[in-house]
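Reader: Got a minute to go through this one with me? Put it up and I'll fire questions.

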Amino acid sequence: MSNIAAIEIFPVHLPMIRSFSFASGSAGKAGGRAPHIFVKLTDSDGGVGWGEGRPVTGWSPETLETVTSTLRGYLAPAVIGLPVTDRWGLHRAMQRAIGRGPSMGQPIARAALDMALHDLLAKRAGLSLRAFLGGSDQHNRMALSYTLTGHDRASIGEEMEAGQAAGFLHFNFKAAVAPETDVEVAETVKERIAVGGFVWADANQGYQLHNARRVGQVFESIGVDVLEQPLPADQFEQMRSLRSSTAIPLAVDEASVGPADFLRYAAAGLVDYLVVKITRSGGIWPTLQQIAIAEAGGLPLLVSGLTDGFLTKLAVCQTALAYGFAGPAALNGSQFTDESAIFPTKREIEYNGTVHLSDAPGIGVQPDEDALRTFVV
Ligand SMILES: [Mg+2]
């Protein structure tokens with residue numbers, strides 16, 4: 001079996017085409033730049049796999065600079081020479097190189113490397129990533145959720161019309177950004193969504209307990225399907241209090257980095273879903289452990305990504321589809337980032353609010369390397 005022979009890191013800025021704010025910060029403004037870090041992993045037989053990370057500093061502590069320096073200076077040197085099959089060893093080596101605090105250290109940097117190795121392994125096996133992970137190629141479509149950015153009835157109505165015309169059934173909105181409008185927004189989404197559509201509110205840690213209680217109760221009566229990360233990620237005990245005061249389905253995102261983080265919430269009965277997000281969780285390998293916990297606890301999945309790039313989007317879809325999950329997936333990068341130069345086949349794969357996966361070996365897409373180099377910073 002071959003070994004990991006070379007790891008190349010490409011820090012790039014991609015054009016933002018639309019502004020995106022949430023309760024804890026912003027992913028960028030229209031006309032601005034989105035930081036992405038691509039990883040090209042080559043093995044000793046010349047096989048290649050690609051991975052990617054998209055740090056958002058208003059959302060978590062990693063930056064373009066820290067992901068790049070962590071990969072180049074610490075993680076890549078720690079894993080060179082490992083057998084390519086050894087994902088357990090890969091994560092052990094990364095853990096030794098960049099240690100942990102209360103949770104995993106530098107998960108976005110880890111995820112890019114883990115993703116590249118999984119892409120390479122699935123290609124070596126001649127299998128799509130979802131088949132390589134133990135799933136079926138027959139599960140090949142993921143329904144996306146459209147991310148709403150407005151905060152009043154009129155703009156939500158217009159955005160939903162545009163989303164529905166583009167083929168979207170499911171909608172998510174960012175709560176606690178303009179809290180006085182949260183109820184109006186939730187009512188508008190619920191009124192306009194089609195039968196079978198999923199209404200998903202994400203507060204990105206934006207409420208204090210008394211507001212979360214009030215909003216949770218109102219959202220419950222409106223029929224919002226899930227309230228994600230209502231409280232600050234380190235406020236575990238407050239989630240217990242919120243749980244006892246509303247029956248709205250709850251989820252955590254920022255608080256669910258490693259498998260043990262999710263286990264704690266699931267074991268305490270504080271969450272109704274696992275939100276799968278590969279870059280938050282340090283890659284596909286730790287995500288599989290989170291999914292195992294969710295399955296053992298009888299909890300269904302949701303999929304999300306904070307303006308993740310197209311490579312990550314397909315990797316997440318492959319991972320969730322391996323477990324039969326077909327949506328909704330709030331993988332909204334296409335709404336906010338122009339990746340057309342580096343993924344010229346994107347529109348053949350993502351259309352009608354749906355990702356259509358082929359049976360091609362690996363993640364199913366790779367960046368155009370020449371184009372990618374023109375974006376390197
Ligand atoms: Mg979230």
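Reader: How many residues of domain 1 are in contact with domain 2, and how many on the other side?

Author: 40 residues of domain 1 are in contact with 39 residues of domain 2. Contact means that C-beta atoms, placed from the backbone, lie within 7 Å. Before we go on: this is a predicted model, where local features need pLDDT of at least 70 and side-chain atom pairs count only at pLDDT 80 or more, while totals for chains, interfaces and linings use all residues. Numbering starts from 1 along each chain as its sequence is written.

Reader: Which elements supply the side of domain 1 that touches domain 2?

Author: β1 (4-15), β2 (20-22), β4 (33-43), β5 (48-53), α2 (87-97) and α3 each give at least two residues. The largest share comes from α3, with 12 residues. Helices (H or I, at least four residues) and strands (E, at least two) are DSSP runs, numbered from the N terminus.

Reader: And by class, what is on that side?

Author: 22 nonpolar, 10 polar and 8 charged residues. Ala, Val, Leu, Ile, Met, Phe, Trp, Tyr, Cys and Pro count as nonpolar; Asp, Glu, Lys and Arg as charged; the others, Gly among them, as polar.

Reader: Where are the domain bounds?

Author: Domain 1 is 4-127 and domain 2 is 132-368. The bounds come from an automatic or database domain assignment. The domain centres, taken over C-alpha atoms, are 21 Å apart.

Reader: Switching to the core. Which residues touch the most other members of the largest nonpolar core?

Author: Val39, Leu71, Ala112, Val189, Ala201 and Val303, out of 116 residues in that core. Helix α3 (residues 107-125) gives the most, 11 residues. Domain 1 and domain 2 each put in at least three residues. A nonpolar core here is a set of buried Ala, Val, Leu, Ile, Met, Phe, Trp, Tyr and Cys residues joined through C-beta atoms within 7 Å. Buried means 20 or more other C-beta atoms within 10 Å of the residue's own, exposed 12 or fewer, partly exposed in between, with C-beta atoms placed from the backbone.

Reader: What is Val189 in contact with?

Author: Beyond neighbours within four places in sequence, Val189 contacts Leu148, Ile156, Met160, Phe171, Phe173 and Val199.

Reader: Back to β4. Why call it largely enclosed?

Author: Because 9 of the 11 residues of β4 are buried. β4 pairs antiparallel with β1 over 11 bridges, and Pro11 stands opposite Ile37 there. β4 also pairs antiparallel with β5, over 6 bridges. Val39 has Gly51 in β5 as its bridge partner. Two strands pair if DSSP finds at least two bridges between them.

Reader: Which residue takes a positive phi in the hairpin of β4 and β5?

Author: Gly46, near 90 degrees. That hairpin has 4 residues between the strands.

Reader: What order do the strands of the open sheet have?

Author: The 5 strands run β7-β8-β9-β10-β11, with parallel pairing. The edges are β7 (145-148) and β11 (250-251), each pairing on one side only. Strand β10 (residues 226-228) joins β11 through 2 bridges. Leu227 stands opposite Leu250 in β11.

Reader: Zoom out. How many helices and strands in the protein?

Author: 14 helices and 16 strands. The radius of gyration, over C-alpha atoms, is 20 Å, close to the 21 Å of the globule rule for 377 residues, so the protein is as compact as a globular protein of that length. The rule is 2.2 Å times the number of residues to the power 0.38.

Reader: And how much of the protein counts as buried?

Author: 53% of the 377 residues.

Technical notes:
Two residues are in contact if their C-beta atoms, placed from the backbone, lie within 7 Å.
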